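Q: I'd like a close look at a single part of this model, followed by what surrounds it in the rest of the fold. Please keep it connected and give me your cut-offs as you go.

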Amino acid sequence: MQSAVNQCVVADVPKNVSVESGHTPPIPGNSHYHLPFFRLIPSETHTITNLTSLNHNTMTEPTDPIMSSRTFVIGSRASKLAVIQAEIVRSTLIEHFPSHTFTLNLMTTEGDKNQSQALYLLGGKALWTKELEVGLLEKEIDLIVHSLKDVPTALPEGCELGAIMEREDPCDCLVMKEGLTHQTLDELPEGSVIGTSSVRRVAQLRRLYPKLKFADVRGNLNTRLAKLDDPNGQYAALILARAGLVRLGFGSRITGDLKSPTLYHAVGQGALAIEIRKGDEITKSIVAKLIHQETNLACLAERACLRVLEGGCSVPVGTETISSADTGTLKLTGTVTSLLGDKHVEITDEATVKTVEEAEKLGERVAKQLIDNGAKSILDEIGRAKEERLKKEQAVSEQSGSS
């Protein structure tokens, strides 16, 4: 079989970005992946010449659409982590379908462009997906690789999730500043500043660690770690997703994991999702090979819970799912915490779950119990606080513009 590197084609890279290819060691925590890498470098080149034609219009209809050779274009954000994750998907698809060609189309989303404003104020997960979904609907790409936690619970008309892959450990973790000997949040001195862009993390941790301060930190992982390790920087530690650190090869920076009941992870955290066009049965059949059933049911239960609560990535909704292969049961915990950490609602429920419908019913039931026990008032309070802060920022911006 032709090597993954030789088969690799990258098309339509964002302007002023080109791609340099090579070969990486196995991804930490995923020893069965031995992938090519891509390094994004400044360039005047906008389009990289294809090694295989991407003109779908010239293709004849295959007699066997699954096994007959054709090209599938995979859409991804252009960040280093996103490219690594897209390569995990691409390499797995090549293993299953060696007669096909799978190429990458890298795009920059609004969430990538705005690296200064707090995520809390930017509004919704579509920041990370909209540009990619436009490309999908316009048939520039055939499938999109997402971090599932970044995918809105309501997809645009004409789009659907085709697969959810096996989940990495979904927990968050603590990363201490280089040189500090502290191993836990409890050991940090009063007033220590913890960096995170997630209001979910801030809300839950503020509830348990009122002596600590929390500050927003944006940028890619290298940028955030540089801010952390700056001797003159304000941060004593960062809270980050374990899965992202491991995929990027920064597992050695993890000081310790933060799991329940200290910190409940985000909906879908640790899992990769594949979004496709509705009605594209060939692509749907292809990506179906990537579905991990246990992860699929757990994440769909979490997403159903979030959908009822109408929470986005800037709302402090935490979850945890525990599956039992022996009994076929799924236990789901959902939490909603106020921004100050002074109000917290937590519900756990379980059911026998063997189908998507059963998983979603469990998620919806947990959400309704959360609402009945006070989560609605917390979410309404968060909405009002967000509107007030947006008004203040707008007033400051207008005042600066007029001066």
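A: Let's start with helix 10, which is largely enclosed by the rest of the structure because 13 of its 17 residues are buried. Buried means under 20% relative accessible area, exposed means over 50%, and partly exposed lies in between, using a 1.4 Å probe and protein chains only. Helices (H or I, at least four residues) and strands (E, at least two) are DSSP runs, numbered from the N terminus. Keep in mind that this is a predicted model, where local features need pLDDT of at least 70, side-chain atom pairs count only at pLDDT 80 or more, and totals for chains, interfaces and linings use all residues. Residues are numbered from 1 along each chain as its sequence is written, and side-chain values use heavy atoms, with hydrogens and water left out.

Helix 10 covers residues 293-309. The expected span of a helix is 1.5 Å times one less than its number of residues. For helix 10 that comes to 24 Å, and its end C-alpha atoms are 25 Å apart, so the two agree. Just after the helix, Glu310 takes a positive phi of about 55°. Cys305, whose number falls in the range of helix 10, belongs to a core described below.

Now the cores. A nonpolar core here is a set of buried Ala, Val, Leu, Ile, Met, Phe, Trp, Tyr and Cys residues joined through side-chain atoms within 4.5 Å. The largest one has 40 residues, and Val89, Leu93, Phe102, Leu143 and Ile274 touch the most other members. Helix 2 (residues 80-96) gives the most to this core, with 7 residues. A second, separate core of 24 residues includes Cys305, Leu330, Ile347 and Ala375.

Helix 2 is worth setting beside helix 10. Helix 2 is largely enclosed by the rest of the structure, because 13 of its 17 residues are buried. Its end C-alpha atoms are 25 Å apart, which agrees with the 24 Å its 17 residues should span at 1.5 Å a residue.

Back on the side of the second core, Ile347 leads to Thr333, since the two are in contact. (Contact means heavy atoms within 4.5 Å.) Thr333 sits in strand 15 (residues 329-337) and is buried, with a relative accessible area of 5%. Leaving aside neighbours within four places in sequence, Thr333 also touches Tyr264, Gly318, Thr319, Glu320, Glu346 and Thr348. The side chains of Thr333 and Thr348 make a polar contact of 2.7 Å. A polar contact is a pair of N or O atoms within 3.5 Å; within protein, one must be able to donate a hydrogen and the other to accept it, and residues adjacent in sequence count only if both atoms are side-chain atoms.

Follow the chain on and you reach Ser338, in the loop between strand 15 and strand 16 (344-352). Ser338 counts as buried, at 1% relative accessibility. Not counting residues up to four places away in sequence, Ser338 touches Ala203, Lys343, Ile378 and Glu381. Ser338 and Asp380 are 42 residues apart in sequence, and their C-alpha atoms are 10.0 Å apart in space.

On to strand pairing: two strands pair if DSSP finds at least two bridges between them. Strand 4 (residues 71-77) and strand 5 pair in the parallel sense over 7 bridges, and Met107 in strand 5 is the bridge partner of Arg77. Strand 5 (residues 101-107) is mostly covered, with 7 of its 7 residues buried. Thr101, Thr103, Asn105 and Met107 point one way from strand 5, while Phe102, Leu104 and Leu106 point the other way.

Strand 11 (residues 235-241) is mostly covered too, with 7 of its 7 residues buried. Strand 8 (residues 172-176) pairs with strand 11 in the antiparallel sense over 5 bridges, whereas strand 9 (residues 193-195) runs parallel to strand 11, joined by 3 bridges.

Finally, how far to trust it. pLDDT is the predictor's confidence in each residue, from 0 to 100. The mean for the protein is 83, and 76% of its residues reach 70 or more. Over residues 1-24 the pLDDT is below 50, although this stretch has 86 contacts in the model beyond near neighbours in sequence. Residues 111-122 stay under 50 as well, with 37 contacts beyond four places in sequence.
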